[in-house]
Amino acid sequence: MRELEGYAGIVTGGSSGIGLAIANTLARAGATVYIISRTGKTKDDYESSAEGTVNIKGDISDTEAMRTLCAELAGRHGGHLDFLVNNAGYTHKCLAQDFPQEEFEKVMNVNVGCVFRMCQICYPYLKASPHKGRIINISSMSAHLGFTQVVPYCTSKAAVCGMTRGLAIEWANDNICVNSMAPGWFHSKMLDEVMDDERRAKILNRIALHDFGKVEDLGAMARFLIGPNGSYITGQDYALDGGTLAYGY
């Protein structure tokens with residue numbers, strides 16, 4: 001289905017993994033997808049960007065550069081954009097009592113500050129969308145569950161959920177819907193490289209479906225939220241987690 005034919009928007013951090021899967025799914029549905037990443041290209045050993053994607057090298061922490069870029073991209077489409085997917089993120093592993101201040105600030109800036117600024121920058125272009133503008137922020141299981149050695153990351157992703165709800169209410173009458181998606185554990189090259197059998201069994205036992213997800217499902221959810229049937233959904237965080245958050249003891 002090409003239900004996003006004529007749509008145009010941005011996916012940050014789309015050179016691999018979740019961001020790339022979302023960008024490719026949106027492009028295959030007909031959208032023009034501008035992928036902003038530090039490398040400006042798909043990482044080695046990942047599938048190629050789909051037809052309809054445009055890779056752009058950019059640093060989302062450079063606010064003025066992002067203002068210029070987003071204005072240019074919107075100018076290609078009559079002064080509007082239809083969606084923004086805030087996927088770019090950062091983490092650092094360290095026990096809370098030893099966590100370096102500079103790393104804490106970097107986690108909060110990339111995961112919260114840059115997300116908020118990208119929303120601000122894209123606001124006038126999303127507001128002008130003929131389809132109703134959509135923002136999807138990528139949150140995390142870490143917004144809802146505690147994990148050791150990544151307390152600032154948990155903090156930042158909980159903030160993303162709060163930001164999503166706040167923007168959804170403030171911009172509800174400005175032709176913009178704002179939602180977030182919280183990925184659980186998904187099949188990826190990185191997962192296979194860093195996980196031993198013991199860790200894998202422990203995680204699978206914590207997931208109600210006892211299996212890892214497919215990143216294509218995240219793309220499908222994004223396509224739905226951005227598409228014509230997502231215009232009455234705002235302020236929600238969608239957990240694609242195989243039942244992890246619902247799984248009791």
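## Exercises on cysteines and the sheet

With a relative accessibility of 5%, Cys-161 is classed as buried. The model used in these exercises is predicted.

**Exercise 1.** Determine how many disulfides the structure contains, and explain the result for Cys-161 and Cys-70.

*Solution.*
Step 1. A disulfide is a covalent bond between the sulfur atoms of two cysteines. The cut-off applied here is a sulfur pair within 2.5 Å.
Step 2. For Cys-161, the closest cysteine sulfur belongs to Cys-154 and lies 12 Å away, which is too far for a bond.
Step 3. For Cys-70, the closest cysteine sulfur is that of Cys-122, at 3.9 Å, so this pair is also too far apart for a bond. Cys-70 is buried, with 0% relative accessibility.
Step 4. The search of the whole structure gives zero disulfides.

**Exercise 2.** Describe the order of the strands in the sheet and identify the strands at its edges.

*Solution.*
Step 1. The open sheet consists of seven strands, paired in parallel, in the order S3-S2-S1-S4-S5-S6-S7.
Step 2. The edges are held by S3 (53-57) and S7 (237-240); each has a single partner strand, so one side of each lacks a neighbour in the sheet.
Step 3. On average, neighbouring strands of the sheet are turned by 20° against each other, direction ignored.

**Exercise 3.** State how S2 pairs with S3, and which strands helix H2 touches.

*Solution.*
Step 1. Five bridges join S2 (residues 32-37) to S3 in the parallel sense. Ile-35 has Asn-55 in S3 as its bridge partner.
Step 2. Helix H2 (residues 63-75) packs on the sheet and touches S1 (8-12), S2 and S3. The direction of H2 makes about 165° with that of S2.

Conventions: Residues are numbered from 1 along each chain as its sequence is written. This is a predicted model: local features need pLDDT of at least 70, side-chain atom pairs count only at pLDDT 80 or more; totals for chains, interfaces and linings use all residues. Side-chain values use heavy atoms; hydrogens and water are left out. Buried means under 20% relative accessible area, exposed over 50%, partly exposed in between (1.4 Å probe, protein chains only). Two strands pair if DSSP finds at least two bridges between them. Helices (H or I, at least four residues) and strands (E, at least two) are DSSP runs, numbered from the N terminus. Axes are lines fitted to C-alpha atoms, for helices over the stretch in contact, and angles run from 0 to 180 degrees between N-to-C directions. Contact means heavy atoms within 4.5 Å.
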